[in-house]
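Please open the model in a viewer and keep a selection panel at hand. The tour proceeds stop by stop, each beginning with a selection.

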Amino acid sequence: VLLPLSLLLVFMSFNSSGDKVDFGDNKQSQQWYVVNDGVMGGLSHGEMEQTKNSILFTGTISLENNGGFSKIEGPFAKNDLSGVKYIEIRYRSSGLPIDMTIETSRQFFRPNYKHPLKYNDGKWHTEKLKVADFETHQMGKPLGYKIDAKAMAADKRFSFINYGKGAGDFE
């Protein structure tokens, strides 16, 4: 069964001053990269491409060899979200589910914070994600609590992960 997925990002606004990560800005997008489950023995494949005004993330999710994810992630930066209530993102996706993640550790096995992107119909949407609703996960498993003040203030990176444990192509 092939389930198409596309994640096409245009911008994220993540602080109270309205600063944006603009994926149409080549300098911003060149700092992002793909991580596939091959780092843990899986066989999934993903790649990203800079388009005129966004990043296009494509590939194939495989469940072989305990695989099942592909993600794009940005660089670690001083992104203090203390006092920030929402992250606004404009995107489109279809097929397998996508989560936005906030990572505060460079070690993959440390907890991170996820928020599902609710629209999955292939149409453009601008969604405001409530920062307080990002849930803590470790190695893909929910830990049952939300992001805390320490994580909100820490250096972090943003990423988008396809981790629905479904196999198929995405685009």
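The stops below run from the whole chain to its largest pocket and then to individual residues.

**Conventions**

This is a predicted model, in which local features need pLDDT of at least 70, side-chain atom pairs count only at pLDDT 80 or more, and totals for chains, interfaces and linings use all residues. Residues are numbered from 1 along each chain as its sequence is written, and side-chain values use heavy atoms, with hydrogens and water left out.

**Stop 1: the whole chain**

Select the protein chain and colour it by pLDDT, the predictor's confidence in each residue from 0 to 100. The mean pLDDT is 81, and 81% of the residues reach 70 or more. Switch to a cartoon: the secondary structure comprises 2 helices and 14 strands. Here helices (H or I, at least four residues) and strands (E, at least two) are DSSP runs, numbered from the N terminus.

Next, select strand β1 (residues 7–13), which has the lowest mean pLDDT among the elements, 53, and then strand β9 (residues 112–116), which has the highest, 95. Over residues 1–6 the pLDDT is below 50, yet this stretch has 27 contacts in the model beyond near neighbours in sequence. A contact means heavy atoms within 4.5 Å.

With the full chain selected again, 44% of its 171 residues count as buried; buried means under 20% relative accessible area, exposed over 50%, and partly exposed in between (1.4 Å probe, protein chains only). Of the chain's contacts with a separation of 6 or more, 71% are between residues 24 or more positions apart.

**Stop 2: the largest pocket**

Select M40, F69, F108, M139 and I161, the residues nearest the centre of the largest pocket among the 29 that line it. The elements that give two or more residues to this lining are β6 (70–73), β8 (99–103), β9, β11 (135–138) and β13 (157–162). A pocket is an open set of points on a 1 Å grid over the protein atoms alone, where a 1.4 Å probe fits, with protein on both sides within 12 Å along at least five of seven lines; lining residues have an atom within 4 Å of a point. About 500 Å³ of space lies in this pocket, a volume being the space filled by probe spheres set on the points, which are joined across faces, edges and corners.

What is the division of the lining into nonpolar, polar and charged residues? There are 9 nonpolar, 11 polar and 9 charged residues. Ala, Val, Leu, Ile, Met, Phe, Trp, Tyr, Cys and Pro count as nonpolar, Asp, Glu, Lys and Arg as charged, and the others, Gly among them, as polar.

**Stop 3: two positive phi angles**

Stay with M139, found in the loop between β11 and β12. Its phi is near 55 degrees, a positive value in a residue other than glycine, and M139 is partly exposed at 39% relative accessibility. Then select N65, in the loop between β5 (55–61) and β6. N65 also has a positive phi, of about 55 degrees, although it is not a glycine; at 52% relative accessibility, N65 counts as exposed.

**Stop 4: V34 and V39**

Select V34 in strand β3, which is partly exposed with a relative accessible area of 24%. Leaving aside residues up to four places away in sequence, V34 touches G46, E47, M48, F57, S70, K71 and I72. The C-alpha atoms of V34 and S159 are separated by 9.5 Å, although these residues are 125 apart along the chain.

Finally, select V39 in the loop between β3 (33–36) and β4 (45–50). Is V39 buried or exposed? V39 is exposed, at 61% relative accessible area.
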